[in-house]
Amino acid sequence: MRLSKIKMALLLFAIINLSINTVYAQTDQDAIMMNKNLFCTGIVFGTSSWNKYWEGVNSRENLNLGTVSSNSLSVMGNYGVKDNLNILFNAPYISNKASAGVLHSISGVQDLSVWVKWMPIEKELKQGTFSLYLLGGASTPLSDYIVDYLPLSIGLKSNTFSGRLMLDYQINDFFITASETYTLRGNSTLERNAYFTNKLYLTNKVAMPAVNTINVRAGYRSYWLIAEALLTDTKTLGGFDITRNNMPFPSNEMNSTSVGVNFKYEIPKVAGLSLVSGGNHVIKGRNVGQSTAYYGGLFYILDFTRKRKTESNAQNTSTQSK
Amino acid sequence: MHKTLQLNQNSMQKIYRYFTFIIIAATLFACSKQVESRTDNLPALQPSNANLNAGEWKTILLKRLDTFAVATPIAVTHVNYVAELNEIKGLQKNLTNNQNDNIKYWAAGGVLRWNETMRELVAKYNLPPYENADGTYPIPSAANPFAYPLFPFANPPYAARAYAYISAAQYDALVACWHYKKLYNRPAPSITDAAIVAKAGATPLPSYPSEAAVIAGVTAEMMKLFFPTEIGAIEQKAKLHQDAAIMSGAATRSDIVAGEALGRQIAQVFIARGRTDNAGKAVGTPADWANFETTTIAKGEIPWISQDKPKRPGMLPLFGNVVPFLFDTATSRALIPPPPPSTSSDKMKQELAEVYSYTKNPTLKNQQLVLFWGDGVGTYTPPGHWNAIAAEDFIKLNLSEVKWARNLALLNMSLMDAGIVCWKTKYTYYNPRPSQLDPRIKTLTGLPNFPAYISGHSTFSGAAASILGYLVPNRAAAYTQMANDASKSRLIGGLHFRADCEVGLQVGAQVGQYAINKAKIDGAN
């Protein structure tokens, strides 16, 4: 839905897995558009941890890792190119460590992700409003971080491209949003030049299987407050299981089902300033950590409409008329 | 309030354009090509020297080349041999894509392909057993290989020994093969019958017995000892190797049968040695394990303590008692270096501070070097890494199969014997790891579960660089550089003290010298 002339903030979607151990704070999973010439930006702090993970489908602890925790600080933004066309980005700094064992902690700037979000359809349907979104996203590593150091690596160091179909239906202040995302992942490059998956490869390149994600969220959505519950199911379309007592590997079949909640609160006294927070927990997985994650963040909307009043006057008028 | 959009023609065009963009961007940006190994598409091996006289080369264990008799082959004019040629011609008429791929795969070299297979199995089995509920660890059992923990745990000493035995057995078997080839001098099928195509390249080498079958036979038989749960897969692979030899026109069925029998018989000589070389006792007993600690304390030194949780007995503590290939046990004892700096010495404090300085805020370059040479859990180990380095250089040299086997045997005997001396040293001094003495020290790759002095990576690498530098002189400087890098990676990775690395390289080089001395007089130069 579009909150016309209303300042909005960003919601988070968290993918947590064994390898990344962090909150991928994104603004691309919600059915909300920024109006034209508005730029919403903010920072989000996330923390997640696990002390159990799935080795294949078997849940286990690892006394040589103890609790693996991940902290992240992300810079995010969402710019309204048009009322129904937004561009979003996210760039996290991540720091991972294990509470036991002797492995060194790892931190660094991870991947830049950029999304183009387009709402071609928005129409009245019965008592509510139905809208359809198409999104294209891409991500690329921002730094030359090490990948072959799972589960403490900060990322999988692969270029990705995602396509998403998202549907939203809102009646009064209640909504439901469902989306499906297909992510193609380019080859990852290891620091070593040979590896074993279910056979020996004499190369540093690792073929990364595609990933399919289904996300369903529902709850209350008004100008001042958004409160929603969400379910996320992520499935790697290929890959292999971690063998008994082996280390995880970038092209493992990493699957997870998580549940969570998100909140966004618009601060009344400062126009354009909002707070976000939330959390989630993995309830079922394969080759991933059973993580619990929390996040909190602050967003502010910059309005470029006023500054460019003259040249965009006509467009403003049309926006306001909606 | 809400603008209602119709899906008009304009919108449809937009959607179309949008998806076109997606497809183009996806192709350019996240292009996930099929990953290929460096040796996937090698040309057929065309030896620059067929080594027709390799039957005269000095063998490793085989006392006489005619210990295992190979019967005189039937004449090439014999009706039964003509039938064997017809078998090849029939097969070559109807080769499937899979069969052609199989021919191409093995044409790159049987010794190479089996070496890769060995490395693959080592990587697959290089997994430390998971702990029992009571905090002890199960020990893989050759007598019960399919029960968890699977046998073997192909850790570096185990792997070094497996590579050495299999390479050495291949070498002796091929020397015997070459002996009989020259003795019987049966020409290759494509020479006898022009209708047979030499799909893996023509060779002046007599075809009886088939070198492919000798390699397949000796290797499959050896693997039974080292990877008992893989026998089924290995026998299938051996059959594919032999099929490739027949279908490529390199050998007839009687060449194969004779070769396979010879290979399997010669393997028994090595298996018999392997069963009595003390490796079976390398795990030791709880009494042995306790003894290392008390002996070290009695000397006034801090003993090594496992940093695995729960505490795991050190890896193969009695591997140092394995009978070496290149020298006798007395010599292997003499190669043990002097003790490391005392754990209470200023020198040790300095070295500890140095390790901490590297690991406190590691550079990306250091992290990458440590991971490149990590060769830890789930990999083909440092000896496997050196096999990969060697193999990729040998490919460029167009060696005959027997020369390939000879070079790899020298390399792998060096690696195994380096492992023996290194392990004896480790459990003689039982010296702690840096992270044991200073808990601030965190490692940049997995911490091995055995004492520090001397570094296994360094000893293996010193030995490998030494013998490889002799075998491929124009690469000697590169091997030395690689060995230094491998060694240094353990210091900057927080796994070893400087002394562990420097002395390890020296001891390794000394072991390698024994292989060089052997190589100088084996007749293969």
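# Exercises on a predicted two-chain model

Of the 525 residues of chain B, 52% count as buried (20 or more other C-beta atoms within 10 Å of the residue's own; exposed means 12 or fewer, partly exposed in between, with C-beta atoms placed from the backbone). This is a predicted model, in which local features need pLDDT of at least 70, side-chain atom pairs count only at pLDDT 80 or more, and totals for chains, interfaces and linings use all residues. Residues are numbered from 1 along each chain as its sequence is written, while chains are lettered from A and ligands numbered from 1 in the order in which they are written.

**Exercise 1. Describe the secondary structure and extent of chain B.**

Step 1. Count the elements: chain B has 19 helices and zero strands. Helices (H or I, at least four residues) and strands (E, at least two) are DSSP runs, numbered from the N terminus.

Step 2. Take the principal axes: along them, the C-alpha atoms of chain B fill a box of roughly 95 × 80 × 50 Å.

Step 3. Look at the contacts in chain B with a separation of 6 or more: residues 24 or more positions apart account for 85% of them. Two residues are in contact if their C-beta atoms, placed from the backbone, lie within 7 Å.

**Exercise 2. Find the strands of chain A that pair with S10(A).**

Step 1. Start with S9 (residues 160–171) of chain A, which pairs with S10 (residues 174–185) of chain A in the antiparallel sense over twelve bridges. Two strands pair if DSSP finds at least two bridges between them. In this pair, Leu165(A) stands opposite Glu180(A).

Step 2. Examine the link: S9(A) and S10(A) form a hairpin with two residues between them. Asn172(A), in the turn, has a positive phi of about 50 degrees.

Step 3. Turn to S15 (residues 210–221) of chain A, which pairs with S10(A) in the antiparallel sense over ten bridges. Here Ser179(A) of S10(A) faces Asn215(A) of S15(A).

**Exercise 3. Lys157(A) and Asn185(B) each have a positive phi. State whether each is buried or exposed.**

Step 1. Locate Lys157(A) in the loop between strand S8 (128–141) and S9 of chain A. Its phi is about 50 degrees, although Lys157(A) is not a glycine. Lys157(A) is buried, because 25 other C-beta atoms lie within 10 Å.

Step 2. Locate Asn185(B) in the loop between helix H5 (156–184) and helix H6 (189–192) of chain B. Asn185(B) is not a glycine either, and has a phi of about 50 degrees. Asn185(B) has 12 C-beta neighbours inside 10 Å, so it counts as exposed.

**Exercise 4. Locate two cis peptide bonds in chain B.**

Step 1. One joins Lys309(B) and Pro310(B), with omega about -10 degrees. Pro310(B) sits in the loop between helix H10 (286–298) and helix H11 (329–334) of chain B.

Step 2. Another runs from Tyr453(B) to Ile454(B), with omega near 0 degrees. Ile454(B) belongs to the loop between helix H16 (434–437) and helix H17 (456–471) of chain B.

**Exercise 5. Describe how the domains of chain B meet.**

Step 1. Set the bounds: domain 1 covers 54–275 and domain 2 covers 296–520, bounds that come from an automatic or database domain assignment. Their C-alpha centres lie 31 Å apart.

Step 2. Count the contact: 34 residues come from domain 1 of chain B and 34 residues from domain 2 of chain B.

Step 3. On the domain 1 side, the elements that give two or more residues are helix H4 (110–125), H5 and helix H7 (211–226) of chain B. H5(B) gives the most, with 14 residues.

Step 4. Sort this side by class: 22 residues are nonpolar, eight polar and four charged. Ala, Val, Leu, Ile, Met, Phe, Trp, Tyr, Cys and Pro count as nonpolar, Asp, Glu, Lys and Arg as charged, and the others, Gly among them, as polar.

**Exercise 6. Which residues touch the most other members of the largest nonpolar core?**

Step 1. Define the set: a nonpolar core consists of buried Ala, Val, Leu, Ile, Met, Phe, Trp, Tyr and Cys residues joined through C-beta atoms within 7 Å.

Step 2. Among the 181 residues of the largest one, Ala162(B), Ala168(B), Ala169(B), Leu174(B), Leu415(B) and Ala464(B) touch the most other members. H5(B) provides the largest share of this core, 18 residues.
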